[in-house]
Each structure stands twice: as C-alpha cells, then as structure tokens.
Amino acid sequence: MMSVKKVFVLWLTGLSGAGKTTLAQELQKQIAESIILDGDLLRSSLNKDLGFTDVDRVENIRRTGAIAQMLWAQEKNVIVALISPFISARAAVRSLFPKGHFIEIFVDCSLAVCQERDVKGLYKQTISQFTGIDSPYEVPQNPELVINTEKLSINDSVQKIMDYLKQKKFL
Ligand code: ADX
C-alpha cells in the first residue's frame, strides 16, 4: 500500500484584506516544516505575467496548486494564502491531493470590513476587476473550516486551525 504522507496543505481563500497572509504567517510559527505560498509574493515573481482576468486568476491558482503539490510531495506542510475566487479552480487543486490532505479554509470577512481595514490601500483606489467589487468571489460551499476574522482574534483563529490539525492527527 502506498504510504500516506502526514503533511497537509492549508489553503486559505477569501477576499483581499480578510486576513489570509496574517494567518499564514502566524500558523507558520507553529507548524514545523511549513512553507508559505502567498499570492502577493508569487505575483511579484513567478506569476508576474498574470493579471486579474478570470483566465489569469485560474492560471494563478493552477500554478500555485502545482507548487503546493510539489512541496507537499516532498514532505512539506504548505500554507497557501491566495484569494482564489473560483470554486472550480479550487476543486481542481483539491483533486491533486489524497482525501483529507487538502484543507480548504474560508477566511470569512465581509467586503465592508475589508474595505474599512483597507490594509494595502487598494480599496480606496478604483481598480477594475477587483475581487468582491466587479470581479466575483465564490464563497466555498463545503470548506473544511470557516474562520471569521471579524469575530475571532488572530490568536483564536490560529487556535481553531491548530485544533483541527490535532483532531485530524496531523500534529
Ligand atoms: S487571485 O484572485 O488570483 O487568487 P491573488 O491572491 O493572487 O489573487 O492576488 C491578490 C492580491 O493582488 C491582492 O491581495 C491585492 O494585493 C492585489 N490585487 C491587485 N489587483 C487586484 C484585483 N483586481 N483584485 C484582487 N486583488 C488585486
């Protein structure tokens, strides 16, 4: 029988400003052998050639999923912080992993609060094809976890994810 790896992918999806990067960085401090794949960073390097059309976003998600798969196959825990707005593109990435190892986490925060936080000052600009404004965000229908960052502190959010990983015997 093929041995089942004890490593996992945490796929954080949600609007810009929902808290994906912050959560990823806090999780990384607590999870050994973990690597972050962050949308903003990838877009400044590997995915520099991509924009924000639907087609480009699907390609962005596909590439990020491919790297995640490669790292996971080499026994790394992968923490992905990517808007990844499309259900079908996320499902395609999920299909690269054995059941249970791809953990989709909806980082839930209303557009109003993301706009109010406006961490990167992007909402106050008028950027076309912006997720949640004039580009769709498809809410996960059946994610492993929902983390509502309007209601939970960063610590409590991280704890909820760590508890899930312990419950599933990953940690
Ligand atoms: S994704 O939709 O293709 O998954 P990704 O997570 O890589 O997006 O990149 C999102 C980041 O790009 C945002 O956090 C923001 O900093 C920046 N950005 C620039 N333009 C847009 C836009 N039109 N929509 C969303 N994010 C944008």
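**How the labels around the ligand are earned**

Author: In this predicted model, an oxygen atom of the ligand sits 2.5 Å from an N or O atom in the side chain of Lys-120. Residues are numbered from 1 along each chain as its sequence is written. The model being predicted, local features need pLDDT of at least 70 and side-chain atom pairs 80 or more, while totals for chains, interfaces and linings use all residues; side-chain values use heavy atoms, without hydrogens and water.

Reader: What makes the Lys-120 pair a polar contact?

Author: A polar contact is a pair of N or O atoms within 3.5 Å (within protein, one must be able to donate a hydrogen and the other to accept it, and residues adjacent in sequence count only if both atoms are side-chain atoms), so 2.5 Å qualifies. A ligand oxygen also lies 2.7 Å from a polar backbone atom of Ser-84, and a polar side-chain atom of Asp-40 is 2.9 Å from an oxygen of the ligand.

Reader: Why is Asn-148 called buried?

Author: Buried means under 20% relative accessible area, exposed over 50%, partly exposed in between (1.4 Å probe, protein chains only). Asn-148 comes in at 18%, so buried it is. Its side chain reaches the backbone nitrogen of Glu-150 at 2.8 Å.

Reader: How do the shell residues divide into nonpolar, polar and charged?

Author: Seven are nonpolar, seven polar and four charged. Ala, Val, Leu, Ile, Met, Phe, Trp, Tyr, Cys and Pro count as nonpolar, Asp, Glu, Lys and Arg as charged, and the others, Gly among them, as polar.
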